[in-house]
Amino acid sequence: MQSFSFRTNYNENQNVEKLIKERNRKIARQQIIFAIILFIIIGLLVWYFVKRTIYTEFDGYVHTEYKDYRAVEDIYLFEQYTDEGDIVIPGDTLYSYTFTNMFGSSGIGSEPEIVINDRNMKLQRDNAYADANVLRVRIQELQAQIAREDNNIRFGMTDNSHKMDLERELAEAKAQLQSVLSRAGRYGHIHHSNIALISSTTQYGINFSNEQWGLDHALRQLYKAKAPIIRYAIAQDTAIVTKVWAPPFSRVFKKEQILQLEELSYEKSNVQVVAWVPTHEMGKINNNTRAEIIVNDDVSFMASVQLLGARTEDLPEELRNNLSHTYTAIMVVFRPDRDQELPLWAVVERVPVRVRIKNYDNGRRDDGSDYWYIDNFGLTEKSKELWLNRRRRINGRYHYNTSEVIDNSATSDTIKTSAVKAPAKTQKAVKKRSNTRNEETKK
């Protein structure tokens, strides 16, 4: 009886049912997760194909022009009043400077012209005084000869003719002495004027044997004295300082960069978007296309086509596709539309962007203005007509003679236009000449 145990199949059946329920629940959970993942993948694929069907995207970059301040001559830069990142407005002082050849020196290390002239003046003054001493000795000798001649005349040894010759030579010698002394005085006056000018510009203390230190020291003294020869560069428009090339109190040679500014207007700074467009994609873009320029997920702006086919470039290596055999693309230039607010960092040089256009709403008009067509005579008749109509709609932008008419001769590469409608006879003559040329071309 002690080894007796009562066994039943109830617990085992209950455990089996529990395991079956858990397995069914696990399978159902897996099916739900798989269905959700499948729906997400299908949704992404559908979204991708719909997006590729509606939109076409091209790679591109932003092009911005900067304003560089360069030295027109060899200058000495005193002080920079701006740093990188500073915003300047019209009238702000950018930097102060002076010309290193302000006294006519041919270059750094050579003596200023005023110093050379001063030395020449002193030399000519000393020569004049030396000539004056010679004339004084001659005058004394002539006076002595005249005195002796008086004695000879008194005792009847000679006549008066020789004395008169000596007196004439004496008068000439005194006149020469007066002229030499006057010239020496003028040289001395110029010398004193040069000394005063050199002293006022602190150039007198320049040691030209050690001009590397002497010129810099003198120019610093000029800056401290606020000399009138100091000049200032003034900002012409609202801009931001993007680069400072030259440090304060340094020499800047001709055509070297001093400062770089970017004007705070995407029109004045000539902001453009340049896109790489493959040749087989050119049918999706035209002159009337407006595109969305995507900088990132938060920043985008609208732009219009400015020039189709600016040039051709090779695609960068990071944009090349191994399945493609053509790596040369056409560069299309877009101009940002007006009245848009853009962050400054998004419109600086070489910012990578994506250019998105609509395939079914790309501005196509089918009136001939989508592309400019040319032939061996220039613009085709249809393109020329549309081009002239566009010019007439822009009042005040083009100025031309009202008496001129369209001249589409084969020897002329320019198109002459008129602001008013040409006379009927002229229009018929032009049309007749054009039709004759087209028939000759067909033949």
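The paragraphs below lead through a predicted model, beginning with one of its sheets and going on to a cavity, a strand residue and a loop.

The sheet is an open one of 4 strands, arranged in the order S6-S5-S3-S8 and paired in the antiparallel sense. Its edges are formed by strand S6, residues 231-234, and strand S8, residues 250-252; each of these has a single partner strand, so one side of each is left without a neighbour in the sheet. Averaged over the sheet and with direction ignored, neighbouring strands are turned by 40° against each other. As background to the pairings that follow, strands of a sheet pair through backbone hydrogen bonds, either parallel or antiparallel.

Walking through the sheet from the S6 edge, one meets the antiparallel pairing of S5 with S6, which is made by 4 bridges, and in which Thr 93 has Ile 234 of S6 as its bridge partner. Strand S5, which covers residues 93-99, has 6 of its 7 residues buried and is therefore largely enclosed by the rest of the structure. The next pairing, between S3 and S5, is again antiparallel and comprises 5 bridges, with Gln 80 standing opposite Tyr 95 in S5. Strand S3, residues 75-80, then pairs with S8 over 3 bridges, also in the antiparallel sense, and here Leu 77 lies opposite Ser 250 of S8.

The interior of the model also contains enclosed space, with 2 cavities of 30 Å³ or more. The second largest cavity has a volume of about 40 Å³, and its lining consists of Lys 67, Tyr 69, Ala 235, Gln 236, Asp 237, Ala 239, Leu 261 and Glu 263. Strand S2, residues 67-70, and strand S9, residues 257-263, each contribute at least two residues to this lining.

A further strand, S14, spans residues 352-358 and includes Val 355. With a relative accessibility of 0%, Val 355 counts as buried, because the cut-off for that class is under 20% relative accessible area. Leaving out residues up to four places away in sequence, Val 355 touches Thr 56, Glu 57, Phe 58, Val 273, Ala 275, Ala 291, Glu 292, Ile 293 and Phe 334. The C-alpha atom of Val 355 is separated by 9.1 Å from that of Val 274, although the two residues are 81 positions apart along the chain.

The loop between strand S10, residues 272-277, and strand S11, residues 290-294, holds Asn 287, and Asn 286 is found in the loop between S10 and S11 as well. Asn 286 is buried, with a relative accessible area of 0%, and Asn 287, at 17%, is likewise classed as buried. The side chain of Asn 286 reaches the backbone nitrogen of Asn 288 at 2.8 Å, whereas the side chain of Asn 287 reaches the backbone oxygen of Ser 369 at 3.2 Å.

With neighbours within four places in sequence set aside, the contacts of Asn 286 are Val 305, Leu 308, Asn 362, Gly 363, Arg 364, Asp 370 and Tyr 371. On the same basis, Asn 287 is in contact with Val 305, Leu 308, Ser 369, Asp 370, Tyr 371 and Trp 372. Val 305, Leu 308, Asp 370 and Tyr 371 thus appear among the contacts of both asparagines.

Methods
Residues are numbered from 1 along each chain as its sequence is written. This is a predicted model: local features need pLDDT of at least 70, side-chain atom pairs count only at pLDDT 80 or more; totals for chains, interfaces and linings use all residues. Side-chain values use heavy atoms; hydrogens and water are left out. Two strands pair if DSSP finds at least two bridges between them. Axes are lines fitted to C-alpha atoms, for helices over the stretch in contact, and angles run from 0 to 180 degrees between N-to-C directions. Buried means under 20% relative accessible area, exposed over 50%, partly exposed in between (1.4 Å probe, protein chains only). A polar contact is a pair of N or O atoms within 3.5 Å; within protein, one must be able to donate a hydrogen and the other to accept it, and residues adjacent in sequence count only if both atoms are side-chain atoms. Contact means heavy atoms within 4.5 Å. On a 1 Å grid over the protein atoms alone, a cavity is a set of points where a 1.4 Å probe fits but cannot get out, and a pocket is an open set with protein on both sides within 12 Å along at least five of seven lines; lining residues have an atom within 4 Å of a point. Grid points are joined across faces, edges and corners, and a volume is the space filled by probe spheres set on the points.
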